[in-house]
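Hi there,

Here is the model I promised to pass on to you. Please have a look at it first, and then read my notes on the ligand site underneath.

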Amino acid sequence: MNIHRLSTFAECEAALRNRDLKQALYDAGKVVMDGVLLTLHGNEHTRRRAVEVRVFRRNFFNYYEKEVFPQTLAETIAPYVAEGGGDLVRIGYRLTVNLTADFAGIDRPKRTPEETERLIALTKKLSEGATMAHSTRDPTELNREVAEALAALDAEFLQASVTRRKALLEQVARGEADESVLPRDVLTIILQGNDELELDEDQLLREIAFYLQAGSHSTANSAVHALHEILTWAGDDAARWARLDDPVFVQHCVHESLRLHPASPEAWRTATCPMHVAGAGEVPPGDRVELDLFQANRDPSVFGSDADVFDPDRVIPGNVLRSGLAFGIGLHTCLGRELDGGVVAKPGSDPGQAQLGIVPLVVIQMLRFRARLIDGDPPVPDMGTTRPNFGRFPIRFTKG
Ligand code: HEM
């Protein structure tokens, strides 16, 4: 098997849209990623995605962003504000594990800090398993830990969540309750559509585990990178700080940061048939094509000669997203893109009418409490992965 590397924006975009290239980044993380939406191909992928996307029916974004998330956000950061600060990586995980548990359909009946911590620990382990291709750990040891985390998720959280939803679905089917009693999450959608999908118990466990970890890892890291870029950009410049009072401007900052720090710095695909791939030439079946999304998102021919620099006012070509390829594109385009990134609002638009997105909402809240870095306690990189993320990001709130 040969490996071909693509690094321009045009090559990577074309490869992501090529339906004869099959997902390959998660082959090493099979224990948790085998047969989940992100690793499926062809008709199986189309069928699964068509069912799961139903979670977004009935104005889901507005419901989640305006009704559910503000409470989660306020509850989660209150203790940190009271203490005057904390580690933003931890705060981010606490927030986003609640987000993805809601979205995936994992109930947290006790609502205690211990329960959240347990779910975070499991989610982090599952995430470590999924991104095994970039891990610096011993694969055998990691595989064992991930299998244990999966079993614990099932016993401690998933079984009860399934039982509750099945009971509600039966009540609705018997006409004893209205559809509005049903939770708005992927698990409910799958249980409703399981005649179409026919997932067995192991597949269901991996699918829900995937939703739990995929969204939380990327959301938490994106919020941390965005705050870091914003604090560095604003520095001591009062005029720049004043601009950060505008939530729409913060949303643009977040998308610029997403461009510079894509949660997945690369995508891997395998050729399913002989084909021509721009940037790689003639590619036989079985060869791997690696897409360097980190470089593609810094391609000067698309983003300008200062593409490496954080510039929230950057002018982007009309057919390109502000976040570049950070959310992917084509058949595996991120399902959480609008939830997390919102819909990019025009400068000057009314923030009350805008769909800002979860990552911008988190960053806006951090800026409201005037989160700042701590002298003598700088952010430190995450050493457990080759992905360029922070392991600790200590902040203090300078406004209570
Ligand atoms: C800033 C946050 C996020 C980023 C940067 C991100 C990025 C991505 C990327 C790059 C892909 C495509 C991977 C590929 O083509 O190989 C993807 C797929 C996906 N993402 Fe996200 N994601 C984020 C948050 C979320 C959230 C919050 C959810 C769920 C609520 C989510 C659900 C998914 C799903 C289900 C897929 C698979 C889609 C498919 O295979 O059809 N993501 N994401």
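This is a predicted model, and my notes start at the ligand. A shell of 26 residues surrounds the ligand, and the closest of them are His45, Arg49, Arg269, His332 and Cys334. The space that the ligand takes up is the largest cavity.

The iron atom may be the part to look at early on. Which protein atom acts as its donor? The single donor from the protein is SG of Cys334, at 2.3 Å from the iron. As for where this cysteine sits, Cys334 is in the loop between α14 (300–303) and α15.

Next come the polar contacts to oxygen atoms of the ligand. The side chain of His45 places an N or O atom 2.7 Å from a ligand oxygen. For Arg49, an N or O atom of the side chain is likewise 2.7 Å from an oxygen atom of the ligand. Arg269 has a polar side-chain atom 2.8 Å from a ligand oxygen.

Where does the shell come from along the chain? Three helices, α3 (42–52), α10 (201–234) and α15 (337–341), supply at least two shell residues each. Of the elements that contribute, α10 gives the largest share, with 6 residues.

Finally, a word on the make-up of the shell. By class, 13 of the residues around the ligand are nonpolar, 10 are polar and 3 are charged.

If you set up anything around this site, I would be glad to hear how it goes.

Best wishes

How values were computed. Residues numbered from 1 in each chain as written. Predicted model: local features only at pLDDT ≥ 70, side-chain atom pairs only at ≥ 80, totals over all residues. Heavy atoms only, no water. Near = heavy atom within 4 Å. Polar contact = N/O pair within 3.5 Å; in protein donor to acceptor, adjacent residues only side chain to side chain. 1 Å grid on protein atoms, 1.4 Å probe; cavity = no way out; pocket = protein on both sides within 12 Å on 5 of 7 lines; lining within 4 Å. Sits in = over half its atoms within 2 Å of the grid points. Helix = DSSP H or I, 4+ residues; strand = E, 2+ residues; numbered from the N terminus. Nonpolar A, V, L, I, M, F, W, Y, C, P; charged D, E, K, R; others polar. Donors = N, O, S within 2.8 Å, 3.2 Å for Na, K, Ca; no water.
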